[in-house]
Amino acid sequence: MARDPNKGHAALRRGRASIPNASYFVTICTDNRGKSLLEGGCLGAILAELGCMEGDEALASLRCVVVMPDHLHLLFQLGSRLTLGQIVSRLKSKTGFALRRRGLQWQRGYHDHRIDPEEAIFPILAYMYRNPARADLVSAEQIDSYSGWWICQSDAEWFHEEARLARWDEMEAPKWASG
């Protein structure tokens, strides 16, 4: 039976470009949406590997991450040494042992969106920031203390002020992020 090119991993890869210094929003899910990424060393392994990548600017410059029980969202600027696919593969590979100890594994593919230079970053960060509250993991007032949330200092300086003034009930997720 022929595979439908509009579904599955082939559809995710269509149009994917790996452009050095471009910013990307990436979502990576656990296989079968297993819900233990915040437990048993998984969160620590994910944050440690992202820290290693962040320490080498030729790999990636991490702007924001939110780890949920069954998926994670990343916002980063791609470096010059590895492609987007290699960055995701490295993260999955280096964290796979911690996930397997919890009976999890990463889903085969991932979703990515290259951020256009003129695209507003606040709605993207706001979507990530509000994700734990939308999932009832923490109250809206406790998001900053959520263990799976991290934002780089340069973005935190302006984001928290804008977030304080935001009208959350009127805000929509980026069209490409929902679904």
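How much space lies in the largest cavity? I began my entries with this point and worked outward from it.

**Entry 1: the cavity.** I note at the outset that the model is predicted. I searched the whole structure for cavities of 30 Å³ or more and found one. The largest cavity holds about 70 Å³ of space. I then listed its lining, which consists of L50, M53, E54, A60, L62, L74, F76 and I87. By character, seven of these lining residues are nonpolar, none is polar and one is charged. I also recorded which elements contribute: α2, β2 and β3 each supply at least two residues of the lining. The largest share, three residues, comes from α2.

**Entry 2: the largest nonpolar core.** I looked up the largest nonpolar core and recorded 27 residues in it. Those with the most contacts inside this core are V26, I28, L37, L50, L74 and F76. At least two core residues come from each of β1 (23-29), α2 (42-55), β2 (60-67), β3 (71-78) and α3 (84-101). I noted a second core of 25 residues lying apart from this one, with M128, W149, A163 and A166 among its members.

**Entry 3: L74.** I chose L74 for a closer look, since L74 is named both in the cavity lining and among the core residues with the most contacts. Leaving aside residues up to four places away in sequence, I found that L74 touches Y24, F25, V26, I28, L50, L62, C64, V65, L91 and M128.

**Entry 4: strand β1.** Is β1 enclosed or open to the outside? I checked the strand residue by residue: seven of its seven residues are buried, so β1 is largely enclosed by the rest of the structure. In a regular strand the side chains alternate between the two faces of the sheet. I therefore sorted the residues of β1 by face, and both faces proved to be covered. S23, F25, T27 and C29 are buried on one side, and Y24, V26 and I28 are buried on the other.

**Entry 5: partners of β1.** Which strands are joined to β1 by bridges? I found seven bridges between β1 and β3, and these two strands run antiparallel. I found five bridges between β1 and β4 (residues 111-115), also an antiparallel pair. I followed F25 as an example: its bridge partner in β3 is L75, and its bridge partner in β4 is H113.

Definitions and conventions
Residues are numbered from 1 along each chain as its sequence is written. This is a predicted model: local features need pLDDT of at least 70, side-chain atom pairs count only at pLDDT 80 or more; totals for chains, interfaces and linings use all residues. Side-chain values use heavy atoms; hydrogens and water are left out. A nonpolar core is a set of buried Ala, Val, Leu, Ile, Met, Phe, Trp, Tyr and Cys residues joined through side-chain atoms within 4.5 Å. Buried means under 20% relative accessible area, exposed over 50%, partly exposed in between (1.4 Å probe, protein chains only). Helices (H or I, at least four residues) and strands (E, at least two) are DSSP runs, numbered from the N terminus. Contact means heavy atoms within 4.5 Å. Two strands pair if DSSP finds at least two bridges between them. On a 1 Å grid over the protein atoms alone, a cavity is a set of points where a 1.4 Å probe fits but cannot get out, and a pocket is an open set with protein on both sides within 12 Å along at least five of seven lines; lining residues have an atom within 4 Å of a point. Grid points are joined across faces, edges and corners, and a volume is the space filled by probe spheres set on the points. Ala, Val, Leu, Ile, Met, Phe, Trp, Tyr, Cys and Pro count as nonpolar, Asp, Glu, Lys and Arg as charged, and the others, Gly among them, as polar.
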